[in-house]
Amino acid sequence: MSNQPNVFVVDDDQAMRNSLKWLIESVGMKVETYSTADEFIRNYYPGRAGCLLLDVRMPGMSGLELQEHFLKHQINIPIIIITGHGDVPMAVRAMKSGAVDFIEKPFNDEMLLESIRNALNKDIEQRATQAERAEIATRLANLTPREHEVMEMVTAGKSNKDIAQSLGVSAKTVEAHRSRVMEKMQADSLADLVKMAVTANIESNSDDS
Amino acid sequence: MSKRFSLPKKLGAWLLGYFRRVPMTLLSILVGLACGGLVWAVLDQVQPKALRDIFAEELQTRLEQQARETLIRFENYVGAHTSTTRLLANHRSLSTYLDPIYWFDLDVNEPLVHFAPPPWLPATSLWRTLVEPGKILLIDRKGRTREVYNLDLRLLPQELLVVDGRFLSESRVQAFLTTLSGRPYLLISEVAEDGTGTNMGYLMMAVPLDSEFLLASQQSVSSSGVLVGIIDADEQRFLSSSDPKAVPAGTKMEQAGKDFVVTAQSFFQYEGSVLNMQFATLVPRSSLEATRQRVEVVERRQRLVAATTFIAVFTLVFYLLSERLNRILRRISLFSRRALGRRQPILEKGNQIYVLEDWIKQFIGNVLTAREEMRREHETKMKQSEAIQQAILAAALDPIITIDRKGKIIEFNSTAEKVFGYQRDDVIGLLFVSLIISAEDNPQFSRMLERFDTDATREELEVRGEMVALRGDNSRFPVEVAIKLIQLPLKEVFTVYIRDISSRKRAEEMITSLAKFPTESPSPILRVNRPGVIIYANPASAPLLSYWECEQGQKLPLYWRNRVVNVYDSGYDWESEVVVGKSIYSLLITPVAGLNYVNIYGHDITAVRRAESEAREYQQELIHVSRLSTMGEMATGLAHELNQPLSAIANYASGCVRRLPAGTKGADELIYALGQINSQADRAGEIIRRLRRLVGKQLPVRSVADINSLVKEVCSFVEFEARRTSVVIEQELSMERLQVRVDVVQIEQVLLNLIRNALEALLEVPEKSRSLVVRSGYQGSGNVRVDVVDTGPGIKSDVAKNLFEPFFTTKESGMGMGLVISQTIAKDHDGRIEADPIAGVGSRFSLILPAYDHLEENRL
């Protein structure tokens, strides 16, 4: 996150590329341009902050194909699709594949820049979430299996008594586990813990998928 | 008298006859032999004599030379003896010997003879090498010989017992020539003194001039047989010679002269000689004679060769000449046999010249005979021809009537009898004009007759005229009358030939009516001669004549005159169209073979042309509509195409707007952006221009263009569509310019159609196997070809045959007019479109157009 976010422009039309660079740089953002999707893939590595401005129709790998490529490789860079002719099926497909926005040429500069800002914000957000999730995962790793069990049950909304009964231990023991879990997970409140569990669950869910 | 001469005459005739039978070849050989022999004989007489003279002269020269040489040698030899004598006389051994001796005058003893070398001589080796003395004597002062050294062992001649004082030299050594006892001697004496210088007497060397001496004197003489000798000049005989066998002593000069040539020289040095002795040199005749004979033999052989050659050449020349003559004679004989039909009774053999003479005589005789025969034949023929003429006259198909100067009939042939219905005997003597010619034509006939009075060439003159004749039954019919003058020896008559021309008149009328045929034609028909003068123009050609601004009998305008000449000279038809007012005429100029003019056939094709032009307009309209519909289909693509530059412009402009308030950036950056805006605006403008050109309705204009540039243009036009299809159009264009003369917009439309069809076809196959190639190049020399090759599904065979049918389509959208219109456009450019399914996958559509040939352009 130390690096400044980049706006990556992929368009086969040189005039479009250059003019977009000129426009976006006017608001002080850094811009990198590529003429094909392949070229971009070669130069990009996950973790580079920024967003991607993508012309949907290009010779070689098309915009939609690039999106598929990202999904497959779990690359979460926010994508803004630019199209010359807004056909609805394509827009739907792009959005389904995770594009953050869909802009039709010729476009309003304000709209474009706003969209870019949003996308960059989303990138920051995504990165923050990802960091948080990593933290929670670390804490979860410190729990013992019993504690883990207890935490799952607590966050599922079960009472101490129920937990004790299902685990076959005393309520007091459950209480002790619970406080240990809260301590280890650095949760201030039960709500906090639940939130962490949800975050972790998303991660585990995504792992499963 | 006659009897006296008859014999030689007979003999002469017999000889001549014999001579005539001798062929020239043989004669030539004989003459050649005779002449050769004669030449040889004469030469044989003349040449040896000349040769002998030459040799005699040579001999003389040689003799003189030899004589001088031999004499000099002889004298040298004598000189050697003289020197020796002096040596001996003055030698010490003699003076020593004489010292104690004293010869008494009265002492008359026989001289003392030594056979061995005496003591008063020095050693023999000292002096014997050079000389050959006979004897050496010591003689006292009174002349008496006291001592003798006898070297030749002969008896001392009496004359030397007391030597004559003349032979004794007083002061110096001296040689004398003399005869002693009939033999020639050389005597050389020198005073002998004793040791005290007292004169004791003389020492004398007596040398017989014999053959040995003479031989020795001529030691180095060549072996050519030259002899020397001593002659007694008074008695003319030899005293001695170097070869006593050949010339013994005492031989007379004359005798020696037989075998030798002799010359005698006197010994002028030996005055003391008491005899008249001479030195003789003898050159043998035999040596020269042999040479002379050899030369003569060679010479004779040469003469023989010359004579033989002469005979051979002479004979050959005559032989060739006679052969030639023989051939001529043979040919003449053949000729006379063929041409005159007579066998020339010529002598086949014998002397050709006589034969020729005979032949000429016979030939002249033959010619005379032949001429006589011809004359006779001619006369017969004349008679016959007269009879034939009469028969012809009678049998002539036309009436022939002979009249005299006054016009009275003097002959009336049988045809005339039949035609006019008169009997010959009835009409003889009647006036021709009133009998045969109709009254109204009488003056014309009279005028025709009168022409013979005035015309200078009246004998060749033939006067013709057409008039009406009357038959016996007063019926009339048209005739052609020809009058010819016949000059008879006594008078002039006229032959009148009459021909019935009723049928000809009918034919002429027919032709006249046929001639009216073109006049009735509704289309213009003209006849023009080579210089361009209108010979004939039918009434329907009036509009053309007014267009050309000329009339019948006048010349055509220059352009058309040139066309007429071209057609006439080339012999080929020429077709053209002219617009006369509102009408269009098609003109065909055709040469009329053999005659000096051409025909021009016109045809009003206004209606046809109008229909054609209307059809063309409809076609143009259809093409335009098709283009518009294509454009409609391409609108989306075009919109996107236009979107690109517009978006870019918007981006640059917004960027500038955002930068300007900040004011931190330099003006350079803004200028860059503005420049970009400019170029993008141009790009947008170009797209719109292109669009307008394709859509806009333009008049069809042909211009010369490189088809490669058209292909590039069209490819850029469909670039967007291609991209949408994920196809990159590969352009495999010819490196050289492919010039065509076309309506650029229409051909672009065709190319657009073909490429778009291909792109659409490619949509039906997976993206990976999509490929589109546009290829251009020459096809043969005269055509240019553009192939559009795709890897689409190809053309099915049932589709292929309907490919160019209107409203046939395999597509869901579209009218099915694209290929039809493309084909129409191509054909309009004298080209075509071909469709081939490619083996494997895909199809190929080709546009083939005639290549533009600037030379052809010049020709048009």
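This passage walks through the predicted model, from overall confidence to the sheets, a helix pair and the contact between the chains.

The model comes with an ipTM of 0.72 and a pTM of 0.38. For chain B, pLDDT averages 81, and 92% of the residues score at least 70. Confidence in chain B bottoms out in helix H24 (residues 854-859), with a mean of 55, and peaks in strand E25 (residues 783-790), at 91.

Chain B has plenty of secondary structure to sort through: 24 helices and 27 strands. It runs to 860 residues, of which 27% count as buried. Looking at contacts in chain B with a separation of 6 or more, 59% come from residues 24 or more positions apart.

One sheet in chain B is worth a closer look. Here 4 strands line up as E8-E7-E10-E9, in an open sheet with antiparallel pairing. Strands E8 (237-241) and E9 (260-266) of chain B sit at the edges with a single partner strand each, so one side of each has no neighbour in the sheet. On average, neighbouring strands are turned by 35° against each other, ignoring direction. Between E7 (residues 227-232) and E8 of chain B, which run antiparallel, there are 4 bridges. Across this pair, Asp232(B) stands opposite Arg237(B) of E8(B). Helix H2 of chain B (residues 24-89) packs on the sheet, where it touches E7, E9 and strand E10 (277-284). The direction of H2(B) makes about 130° with that of E10(B).

Chain A brings a sheet with parallel pairing: 5 strands, open, in the order E2-E1-E3-E4-E5. Its edges are strand E2 (30-34) and strand E5 (99-104) of chain A, each of which pairs on one side only. Neighbouring strands in this sheet are turned by 20° against each other on average, again with direction ignored. Further in, strand E3 (residues 50-55) and strand E4 (residues 79-83) of chain A run parallel and are joined by 4 bridges. In this pair, Asp55(A) stands opposite Ile82(A) of E4(A). Helix H1 of chain A (residues 14-25) packs on the sheet by touching strand E1 (6-10), E2 and E3, and its direction makes about 170° with that of E2(A). Helix H3 of chain A (residues 63-72) also packs on the sheet; H3 touches E3, E4 and E5, with its direction at about 145° to that of E3(A).

Elsewhere in chain A, helices H7 (residues 160-167) and H8 (residues 171-185) pack with their axes 8 Å apart, at an angle of about 110°. H7(A) and H8(A) are therefore roughly perpendicular to each other. On the H7(A) side, the contact is made by Asn160(A), Lys161(A), Ile163(A), Ala164(A) and Leu167(A). H8(A) contributes Ala171(A), Thr173(A), Val174(A), Glu175(A) and Arg178(A). Sorted by class, the contact between H7(A) and H8(A) has 5 nonpolar, 2 polar and 3 charged residues.

Finally, the two chains meet: 23 residues of chain B are in contact with 18 residues of chain A. On the chain B side, the elements that give two or more residues are helix H17 (606-662), helix H18 (667-695) and helix H20 (719-724). H17(B) supplies the largest share of that side, with 16 residues. By class, the chain B side splits into 8 nonpolar, 11 polar and 4 charged residues.

Methods. Residues numbered from 1 in each chain as written. Chains lettered and ligands numbered in written order. Predicted model: local features only at pLDDT ≥ 70, side-chain atom pairs only at ≥ 80, totals over all residues. Pairing = 2+ DSSP bridges. Axes fitted to C-alpha atoms, helices over the stretch in contact; angles between N-to-C directions. Contact = placed C-beta atoms within 7 Å. Nonpolar A, V, L, I, M, F, W, Y, C, P; charged D, E, K, R; others polar. Buried ≥ 20, exposed ≤ 12 C-beta atoms within 10 Å, placed from the backbone. pLDDT = per-residue confidence, 0-100. Parallel < 35°, antiparallel > 145°, perpendicular 65-115°, else oblique.
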